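Please open the model in your viewer and keep the selection panel at hand. The tour below moves from one selection to the next and says what is there.

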Amino acid sequence: MNIGRLYDQRIAQTYDHDERGLLAGARALGLEQLGKHVTADQTKAVLDLAVGTGESLMAIQKAYPNAVLHGIDLSEEMLRIANAKLNFFAVHDDVANSLQHFSRESMNLILMHFLTTFVDGEDIVARTAKLLRTKGYYSIVSSTFQAFPRIYSLARMVLPDQFIRDKNRAPENADAIVSFCTKAGLDVIAVDHFTKEVTFANFDDFYDFGMNSGFFTHVLCHLDDSQLASLSGMEGIFPLTDHYRACAVLACLPE
Ligand SMILES: C[S@@+](CC[C@H](N)C(=O)[O-])C[C@H]1O[C@@H](n2cnc3c(N)ncnc32)[C@H](O)[C@@H]1O
């Protein structure tokens with residue numbers, strides 16, 4: 001599956017709606033950590049890995065008005081929306097190629113917000129930590145595999161567990177994200193958890209949310225009509241209340 005194309009064609013136009021406030025809520029936790037630990041005078045160059053529609057970078061511009069902003073993303077459409085909101089150096093490429101576009105030890109702050117579901121987090125953090133200057137910061141905000149336990153247990157009634165694991169590569173929990181950082185030689189400074197209850201009135205409500213927000217698009221787009229019919233035909237399920245879970249981790253490159 002081409003994630004960039006999926007965002008271009010299916011998610012970009014609705015991504016910022018965030019009606020249930022899940023993206024904004026978890027993102028705010030990461031930005032709060034930055035507010036506590038990262039000062040404006042030490043923040044001259046920022047790179048947003050998977051900048052998306054630029055929501056995190058806009059908050060960074062406000063908090064660190066003198067910083068030069070950079071963003072990389074696989075989706076042209078997400079980048080186009082971000083570029084309409086703010087000025088930054090935009091690169092259309094895979095984050096795995098970040099070292100081809102940015103110099104080593106050039107960034108004071110790197111953001112990786114809601115990317116871990118799509119990449120090998122350990123590998124990407126290890127590669128991109130090389131872009132940090134000494135005492136630079138790395139901010140990760142990520143859904144975890146603990147998000148939406150009820151939805152996934154229902155899905156397991158009609159889909160093989162391995163299929164779900166393959167399509168949803170979210171890190172198991174905050175400890176997994178902490179280990180990405182420590183293996184990359186970063187010191188972890190703060191770990192915070194975000195939990196929010198969500199209710200879906202019926203299957204269509206869940207499907208629209210899942211596809212339009214990007215939270216389940218990468219799983220749902222692999223289902224054929226009969227698998228979707230099995231899910232939508234389950235009785236006594238809706239209205240369904242579940243929990244979204246994410247975490248924010250702030251790390252620093254020591255001297
Ligand atoms: C859930 S959005 C997160 C966007 C933004 N960081 C935010 O906080 O809202 C995921 C973004 O990751 C991008 N993406 C996924 N895999 C990528 C990769 N390997 N390299 C670059 N961008 C990628 C998608 O195109 C999409 O814009």
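Begin by selecting strand β4, residues 107-113, which is mostly covered, since seven of its seven residues are buried. Keep in mind throughout that this is a predicted model.

With β4 still highlighted, add strand β1, residues 45-49, and you will find that the two run parallel and are joined by four bridges. To see one of these pairings, pick V46 and look for its bridge partner in β4, which is L109. Now add β5, residues 132-143, which pairs with β4 in the parallel sense over six bridges; here M107 stands opposite L132 of β5. As you look along these strands, remember that in a regular strand the side chains alternate between the two faces of the sheet.

Stay with β5 for a moment and select K135, which has its place in this strand. Its phi is near 65 degrees, a positive value in a residue other than glycine, and K135 counts as exposed because it has 12 or fewer neighbours, namely 11 C-beta neighbours inside 10 Å. Then move to E105, in the loop between α5 (98-101) and β4, where phi is again a positive value in a residue other than glycine, near 50 degrees. E105 has 12 C-beta neighbours inside 10 Å and therefore counts as exposed.

The next selection is helix α2, residues 22-37. How far apart are its end C-alpha atoms? They are 23 Å apart, which agrees with the 22 Å that its 16 residues should span at 1.5 Å a residue. Colour L22, L23, A26, R27, G30, L31, Q33 and L34, the buried residues of α2. These residues lie on the same side of α2, because they cover an arc of only 155 degrees around the axis. Turn the helix to the face directed away from that buried side, and you will meet the exposed residues A24, G35 and K36. To see what covers the buried residues of α2, show α3, β4, β5, β6 (187-200) and β7 (240-252), which are included in that cover.

Now bring up the ligand and the shell of 23 residues that surround it, of which the closest are A50, G52, S75, H113 and F118. Which elements each supply at least two residues of this shell? They are α1 (3-15), α2, α3 (55-63) and β2 (68-73), and α1 gives the most, with three residues. If you colour the shell by residue type, its residues divide into 13 nonpolar, six polar and four charged.

Two stops remain, both in loops. Select F215, in the loop between α10 (203-213) and α11 (217-220); is this residue buried or exposed? F215 counts as buried, because it has 24 C-beta neighbours inside 10 Å. Add N168 and draw a distance between the two C-alpha atoms: F215 and N168 are 47 residues apart along the chain, and these atoms are separated by 9.6 Å.

Finish at P239, in the loop between α12 (225-232) and β7. Show the backbone from F238 to P239, where the peptide bond is cis, with omega near 0 degrees.

Note on methods: Residues are numbered from 1 along each chain as its sequence is written. This is a predicted model: local features need pLDDT of at least 70, side-chain atom pairs count only at pLDDT 80 or more; totals for chains, interfaces and linings use all residues. A residue is near a molecule or strand if its C-beta atom, placed from the backbone, lies within 6 Å of it. Ala, Val, Leu, Ile, Met, Phe, Trp, Tyr, Cys and Pro count as nonpolar, Asp, Glu, Lys and Arg as charged, and the others, Gly among them, as polar. The expected span of a helix is 1.5 Å times one less than its number of residues. A residue is buried if 20 or more other C-beta atoms lie within 10 Å of its own, exposed if 12 or fewer, and partly exposed in between; C-beta atoms are placed from the backbone. The arc is that of the directions from the helix axis to the C-beta atoms. Two residues are in contact if their C-beta atoms, placed from the backbone, lie within 7 Å. Two strands pair if DSSP finds at least two bridges between them.
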